[in-house]
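Biologist: I'm new to this one. Could you walk me through it, a question at a time?

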Amino acid sequence: MLIFYEFPNRKKAQEFIEAVKEIFPKQEGIICKSHDASDKIDPFPFKLTPPIVLLLRDEMLHEVAMEAIAPWFGGRCAGT
């Protein structure tokens with residue numbers, strides 16, 4: 001999974017998922033409101049600031065595009 005974090009609020013995290021889905025309609029995203037909730041789905045070694053968005057990994061080109069979109073909504077990519 002690709003992990004994005006530090007969105008200013010849940011609304012911006014949801015808008016990010018919707019923007020990704022406009023470009024990649026089959027892409028699904030999950031919003032987690034805590035690092036612990038995110039870790040239950042996909043463990044990450046460093047503490048992340050919620051809201052946290054988890055997106056299924058796709059082709060590398062799609063991943064680069066999703067990473068580029070996140071800052072438009074105030075989010076950052078933590079990696080995989």
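Modeller: Sure, here are some questions and answers on the sheet, the cores and a few residues; keep in mind that this is a predicted model.

Biologist: Let's start with the sheet: in what order do its four strands stand?

Modeller: β1 pairs with β3 in the antiparallel sense over three bridges, and three bridges also join β1 to β4, again antiparallel. On the other side, β2 and β3 pair over four bridges, antiparallel too. Put together, that's an open sheet in the order β2-β3-β1-β4.

Biologist: Which strands stand at the edges, then?

Modeller: An edge strand here has a single partner, so one of its sides is left without a neighbour in the sheet. The strands in that position are β2 (29-32) and β4.

Biologist: And how much are neighbouring strands turned against each other on average?

Modeller: For this sheet, the angle is taken with direction ignored. Averaged over neighbouring strands, the turn is 30°.

Biologist: Which residue of β3 stands opposite Ile3?

Modeller: Ile3 sits in β1, on one side of that strand along with Tyr5. Ile30 has an opposite residue in β3 as well, and that residue is Leu54. For Ile3, the residue standing opposite in β3 is also Leu54.

Biologist: What is the bridge partner of Tyr5 in β4?

Modeller: β4 covers residues 76-79 and is joined to β1 by three bridges. In β4, Tyr5 is partnered by Arg76.

Biologist: Are the residues on the two faces of β1 buried or exposed?

Modeller: On one side of β1 you find Leu2 and Phe4, and on the other Ile3 and Tyr5. Helix α1 packs on the sheet and touches β1, β2 and β3, while α3 packs on the sheet and touches β1, β3 and β4. Both faces of β1 are covered, and those four residues are all buried.

Biologist: Which element gives the most residues to the largest nonpolar core?

Modeller: In soluble globular proteins, nonpolar side chains tend to be buried together. Here the largest nonpolar core has 16 residues, and Phe4, Phe7, Phe16, Val53, Leu55 and Met66 touch the most other members. At least two residues come from each of β1 (2-5), α1 (10-23), β3 (52-55) and α3 (60-69). With five residues, the one giving the most is α1.

Biologist: How many residues are in the other core that lies apart from it?

Modeller: Its members include Tyr5, Cys32, Leu48 and Leu54. In total, this other core has seven residues.

Biologist: Is His35 buried or exposed?

Modeller: His35 lies in helix α2, residues 35-41. Beyond four places in sequence, His35 touches Phe44, Phe46, Lys47, Leu48 and Ile52. Its relative accessible area is 8%, and the cut-off for buried is under 20%, so His35 counts as buried.

Biologist: What about Gly74: how does its accessibility class it?

Modeller: Gly74 is in the loop between α3 and β4. Gly74 touches Glu6, Phe7 and Pro8, leaving out residues up to four places away in sequence. Its relative accessibility is 33%, which lies between the 20% and 50% cut-offs, so Gly74 is partly exposed.

Biologist: Last one: what distance separates the C-alpha atoms of Gly74 and Phe7?

Modeller: Along the chain, Gly74 and Phe7 are 67 residues apart. They are in contact all the same, since Phe7 is among the residues that Gly74 touches, and contact means heavy atoms within 4.5 Å. Between their C-alpha atoms, the separation is 5.0 Å.

How values were computed: Residues numbered from 1 in each chain as written. Predicted model: local features only at pLDDT ≥ 70, side-chain atom pairs only at ≥ 80, totals over all residues. Heavy atoms only, no water. Buried < 20%, exposed > 50% of the residue type's maximum accessible area, 1.4 Å probe, protein only. Core = buried A, V, L, I, M, F, W, Y, C linked by side-chain atoms within 4.5 Å. Pairing = 2+ DSSP bridges. Axes fitted to C-alpha atoms, helices over the stretch in contact; angles between N-to-C directions.
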